[in-house]
Amino acid sequence: MELSRDLDVRRAYARDVSGLELVPDAVARPTSADEIIDLVRAAIADHTTLTAAGSQTSTTGASITGEGALVSMRAMTRIIDIDTVERVARVEPGITVGALNQELASASLRFAPDPTSEHDATIGGAIACNASGARSLRYGPTRAHVRAVRVVNGDGNAVALRRPGLEKNTVGYYAAQDPVDWIVGSEGTLGIVVEAELALVRMPDHEIGLAIPFPDERSALRFVVHAREHADGDALTRPQCLEFFDCGSLAIARADVGSLRWMNGAAALVYLEQALDADQPVAESLDRWLASAQAFGARADDIEVFGDAPALRAARKFRHAVPAHMNERGSARRPFGGRKVSTDWAVPYRRLADALEAARRAADGQKIEPPITYGHAGNGHPHQNFIAADAEELWRINGLIEETIRAVLRLGGTAAAEHGLGKLKRPWLRAQLSPVQIELMLALKRALDPLGLFAPGNVL
Ligand SMILES: Cc1cc2nc3c(=O)[nH]c(=O)nc-3n(C[C@H](O)[C@H](O)[C@H](O)COP(=O)(O)OP(=O)(O)OC[C@H]3O[C@@H](n4cnc5c(N)ncnc54)[C@H](O)[C@@H]3O)c2cc1C
C-alpha cells in the first residue's frame, strides 16, 4: 500500500488533544489487515517505525509521532458480526464506540464502556488505552469487555489472542496466563489491533438519572462514598455511575442547561444513574435515593430526575459540556503558549476527599486560577482542569500537578486512571511501578516487538 509523504497530509495527523505537535515521516491509511501485515513487513525491511492512531483524541501524545509512519486506522470501520444471542460483536478497530452502540441499540445491547469521547474514540483506541467512562462504576473499564483480539505483531504476522475463558487455572504465572490483557492498555506499543471480539451487555429496562445538589463539597463526597458502598448491596440503590461536579464545573453545566436558576445556591452536584429491570419498582428506587441524599444534606427540593432516554441524553450533554467548555478556553490560550491541562489521577474512592484536599494545599500560595473538578467520583477518579494563560503559567501548573500526583501516590492512587501515559505522562511509570514490574514490561515488549517497531516513545 502507498504511504503518503505529502507534508499537508502528514500535518493533518500531527496533533492529538495533548497540545503536542509531532509530524510523522509518512502516513498510511490501510483498509484491511493484509495491508497492515504488508506495512509491518516493509517497516522491518526499512528499519522504520509505526504508530497506530484511531481518532487521535489521546490527551497524552500517544497517537502522534515524529518518527516513522503514522498508521491511521480510521478506514477500518466494519462490523464483521453481531451475535445477539451470545452477546458478542466482532469489529474492525476503526469503528467508533458511539457508532457501534448506535448499531447495537435496536437489539437492546451495548458495548458498556462509555468514554466521554465515545462519538470520536475508536474501538482500537479504547482497547489500546483501556478506556473507561461514567458507567465503568458498574461495568468496569474496556478490559473487562474484550474477549479476543487479532494483532499484527513485530514479526509481521497476525496472531489471534483469546481469553482462556477458565474459571480456575494454576498453570504459569498470572501475568502470563491471558495474552489479551497484554494488549489492552498497551497504547500501541505491542502491535496493531486489526480485529476485536467484544462482549456486549443487555440494555437495562429502565435507566433513571438524578442530579443531586449539595450545599458543600464535603457533603457531596460523603454521599458518594455512601452510594458507592450500596453499589454492592441493594439492587434498587446500586448506581451505574456516580459523577461529581464542584462549584466551577456546576457553573459550566448550569450555563449549558441555559437556566441561571438551575441548581442555584448549590456548591456541588452529584449525578447518578440507576438501572432497573422491568420487575423492579422505579418509584421505590427513586424514593430510596431521595431519602439517602437528603440524609447527607442534599437540597431535596432541587433534585432533578431524568426519567427517560431523551432526558438522560440531556443529562449527559450537561456533563459533557464541562470538558468541551474547558477545551475551548484552553484553545484560546494556545497563541500565548498556554492551554488546558487536565489531570487523570485517581485514588481509592474513600480517599477522594483527602486527595482533593492535598490538591488544594498544593495550589495554595500559587497565583493560579483554581482548577475545575468533576468526574467519576464513584471510582475515586476526578478530572481537574486548569487553564494555563501562557507558557510560564503552564510550567507552574505542571509543577503543581506533580506535587498533587506525589500526594495521590502516597494515598495509594495512580497517576493515570483512564487516558494512559502516552508520551506526556511517561515519567510517572517509574514513580509508580517497581524496577521488577518495569523489567517485566520490557521483557514483554522485547518478546512481541523485538525490533521496537511500534509506537516509539509511548509508555516505556
Ligand atoms: C473530550 C475528551 C473526553 C475524553 N474522555 C475520556 C473518558 O471519559 N474516558 C477515557 O478513557 N478516555 C477519554 N478520553 C481520552 C481518549 O478519548 C481515549 O483514550 C480514547 O480511547 C482514544 O481513542 P482514539 O480512537 O482517539 O485513539 P487515539 O487517540 O488515536 O490513540 C490512542 C492510543 O491507542 C493506540 N491505538 C489506536 N488504535 C490502535 C490499534 N488499532 N491498534 C493498536 N493501538 C492503537 C494509539 O497508538 C495510541 O497509543 C477523552 C478525550 C477527549 C478529547
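Okay, before anything else, one definition: a residue is near a molecule if one of its heavy atoms lies within 4 Å of it. Keep that in mind, and remember that what we're looking at is a predicted model.

So, let's start with the ligand. How many residues surround the ligand? The count is 33, and the closest are Ala52, Gly54, Thr57, Ser117 and Ser132. If you sort that shell by class, you get 14 nonpolar residues, 17 polar ones and two charged ones.

Where do these residues come from? Strand S2 (50–53), helix H4 (123–129) and strand S9 (192–199) each supply at least two residues of the shell. Which element gives the most to the shell? That's H4, with five residues.

Now the polar side of things. Thr57 has an N or O atom in its side chain 2.6 Å from an oxygen atom of the ligand. With Thr116 it's the backbone: a backbone N or O atom there lies 2.8 Å from an oxygen atom of the ligand. And Asn458 brings a polar side-chain atom to 3.4 Å from a ligand oxygen. How much of the ligand does the protein cover? On its own, the ligand has 970 Å² of accessible area, and the protein covers 94% of that.

Okay, moving on to the aromatic rings. There are eight aromatic pairs in this model. Take Phe223 and Trp289: their ring centres are 6.2 Å apart with 70° between the planes, and that makes the pair edge-to-face. Phe223 sits in helix H8 (residues 217–230) and Trp289 in helix H10 (residues 282–295), so this pair ties together parts that are 66 residues apart in sequence. Are these two buried or exposed? Phe223 has 0% relative accessibility, so we call it buried, and Trp289 is buried too, at 1%.

Here's another pair, Phe245 and Phe318. Why do we call this one tilted? Because the planes meet at 55°, with the ring centres 5.8 Å apart, and the tilted class is what's left between under 30 degrees for stacked and over 60 for edge-to-face. This pair also links distant parts of the chain: Phe245 is in strand S12 (residues 239–245) and Phe318 is in helix H11 (residues 309–332), 73 residues apart. Phe245 is buried at 0% relative accessibility, and Phe318 is buried at 2%. Both of them belong to one aromatic cluster, together with Trp262, Tyr271 and Phe306.

Next up, a polar residue on the inside. Asn385 is found in strand S17 (residues 381–390), and with 1% relative accessibility it counts as buried. What does its side chain touch? One polar contact, at 3.1 Å, goes to the side chain of Ser342. Another, at 3.4 Å, joins the side chains of Asn385 and Tyr374.

Last stop, the cysteines. How many disulfides does the structure hold? Zero. I picked out two cysteines to show you anyway. Cys241 has 0% relative accessibility, so it's buried. Cys129 comes out at 23%, and since buried means under 20%, Cys129 counts as partly exposed instead.

If you want one thing to look at in the structure, start from the ligand and find H4, the element that gives the most residues to its shell. Then hop over to Phe245 and look for the other members of its cluster, including Trp262 and Tyr271. That's it from me, thanks!

Technical notes
Residues are numbered from 1 along each chain as its sequence is written. This is a predicted model: local features need pLDDT of at least 70, side-chain atom pairs count only at pLDDT 80 or more; totals for chains, interfaces and linings use all residues. Side-chain values use heavy atoms; hydrogens and water are left out. A disulfide is a pair of cysteine sulfur atoms within 2.5 Å. Buried means under 20% relative accessible area, exposed over 50%, partly exposed in between (1.4 Å probe, protein chains only). Rings of Phe, Tyr and Trp (its six-membered ring) pair if their centres lie within 6.5 Å; planes under 30 degrees apart count as stacked, over 60 as edge-to-face and the rest as tilted. Helices (H or I, at least four residues) and strands (E, at least two) are DSSP runs, numbered from the N terminus. A polar contact is a pair of N or O atoms within 3.5 Å; within protein, one must be able to donate a hydrogen and the other to accept it, and residues adjacent in sequence count only if both atoms are side-chain atoms. Accessible areas come from the Shrake-Rupley method with a 1.4 Å probe; for residues, only the protein chains shown count as cover. Ala, Val, Leu, Ile, Met, Phe, Trp, Tyr, Cys and Pro count as nonpolar, Asp, Glu, Lys and Arg as charged, and the others, Gly among them, as polar.
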